[in-house]
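Please look over the structure shown here, with attention to protein–DNA contacts and to helix packing.

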Number of protein chains: 2
Amino acid sequence: MNLTQSPEPISRRSLHEELVARLRTMIVDGTMAPGMKVPEKDLCERFAVSRTPLREALKVLAADGLVYLEPNRGAWVTELTESEVSEVFPVLGALEALSGELACENIMDEELAALRQHHDQMILSYKEQDLDGYFQANQRIHAGILSAARNETLVVQCEALSARMQRARYVANISEDRWVEAVSEHEEIIAALEAKDGKALGEILKKHMYNKQLSILKWLDANRETAA
Amino acid sequence: MNLTQSPEPISRRSLHEELVARLRTMIVDGTMAPGMKVPEKDLCERFAVSRTPLREALKVLAADGLVYLEPNRGAWVTELTESEVSEVFPVLGALEALSGELACENIMDEELAALRQHHDQMILSYKEQDLDGYFQANQRIHAGILSAARNETLVVQCEALSARMQRARYVANISEDRWVEAVSEHEEIIAALEAKDGKALGEILKKHMYNKQLSILKWLDANRETAA
DNA sequence: ATATGTAATTTTGAATTCAAAATGCAGTCA
DNA sequence: TGACTGCATTTTGAATTCAAAATTACATAT
């Protein structure tokens, strides 16, 4: 038998891996709300697994900062506090800035073209006031820059921290003012990218992150008493 | 009863937490060498625990990138490859740069004084060619800057990535040339810190990291055939 | 009624068990 | 000799079990 192009290996997934992915999604999209006790027994029944793999998954999510464990008391979904937001965003800003610099060095023409399309799509969604479409295009742009940076470690770190903040973005409905501002920042982003100006792109992405932070902090502050 | 200053909660540790800490140490200090299969049964006997908590710990270490898991085949200590080093150091550089900037904003006088002492101690160790003392002082300086940044998330991220690189630092014996260079960089670091020049400190720390990367890559390259 | 003490129940942490998968080892045949 | 096959052994993944800890419910006393 001659296998010139070897087929990709059959990827197998252990139960706990699958559970990590599922639970992460549930936390990020708000199905499991911040502050909520993780219902171990419930989840076991729902996913039809025993406690062993579920608990393994919870340990991993705890290391990621999405849940916290209290010995002998169980697991809770982490709250999104002001102080956490104020800690995570600067770190995310530094990492996105790096991703911008690296992307300018390594991006390929087809990738750049795809990003330009996503950008135009995003502008279109904004003009039609289509928030879902906007979010999706926005997501794709950031993912595209990150992947163009050619640094898997950076991807992993960014995604882990983003996941922790994502929950807020789902709930925090963007204000019209912030939306206008974000769109204008994105014009700068695509411009810097097309000019391959890494330094500038890094700065803009950092600023972009900082503004997101402010917008979320504002929302958190406004909803503080509501939640409590 | 009036508890004006509430006592700190009694901290308890589950077995798996303890195991994560112990195994991490064993991997970082080289007791478990890169590339080695993790001897599950052995470790269980050695620590006198069952497989359940040990395996939970391995999942966490895998999420940290210190081991990798192959389904149905077990766990291995991750190798330190050129590509991993080339990925992790830039990320670490960006994070250390951030820590420098934040430290300049937030450091207190006593902390600065302590760092100056560690620095002087480090110079002394260098003059006496005391590598252990030098490493220790060096470690304390970086930890001190990080803690002065007042950002727990940043600390966690830096420590996780540092742990992955630390193994190399243990094995890679610093060259005399690199040592001279590192000492001179540290003079710049303490100067920027005392001048509270965040931008400059960030730049130097980033450069410092980059030079460490080069030095480790050189070592890896020289030892490539030895290890294989 | 509120606070304290006690027993029953539930939940958690970790050991054990069990089935599936991988590995190692003979024995067979070219 | 060398590679393939089938069987025994080991290792792994996950369910189950069991003891310890926490929670709840209830009774009693102030």
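A polar contact is a pair of N or O atoms within 3.5 Å; within protein, one must be able to donate a hydrogen and the other to accept it, and residues adjacent in sequence count only if both atoms are side-chain atoms. This is a predicted model, in which local features need pLDDT of at least 70 and side-chain atom pairs count only at pLDDT 80 or more, while totals for chains, interfaces and linings use all residues. Residues are numbered from 1 along each chain as its sequence is written, chains are lettered from A and ligands numbered from 1 in the order in which they are written, and side-chain values use heavy atoms, with hydrogens and water left out.

Q: Which part of DNA strand D does the side chain of Lys37(B) approach at 2.5 Å?
A: Lys37(B) is among the closest of the 18 residues that surround DNA strand D, where a residue is near if one of its heavy atoms lies within 4 Å. An N or O atom of the Lys37(B) side chain is 2.5 Å from a phosphate oxygen.

Q: Which atom of DNA strand D lies 3.0 Å from a polar side-chain atom of Thr52(A)?
A: Arg73(A) places a polar side-chain atom 2.3 Å from a phosphate oxygen of DNA strand D. For Thr52(A), the partner at 3.0 Å is a base nitrogen.

Q: How are α8(B) and α9(B) oriented to each other?
A: Helix α8 (residues 176–194) and helix α9 (residues 198–222) of chain B, both DSSP runs (H or I, at least four residues) numbered from the N terminus, pack with their axes 9 Å apart at about 165°. Axes are lines fitted to C-alpha atoms over the stretch in contact, and angles run from 0 to 180 degrees between N-to-C directions. Angles under 35 degrees count as roughly parallel, over 145 as roughly antiparallel, 65 to 115 as roughly perpendicular and the rest as oblique. The two helices are therefore roughly antiparallel.
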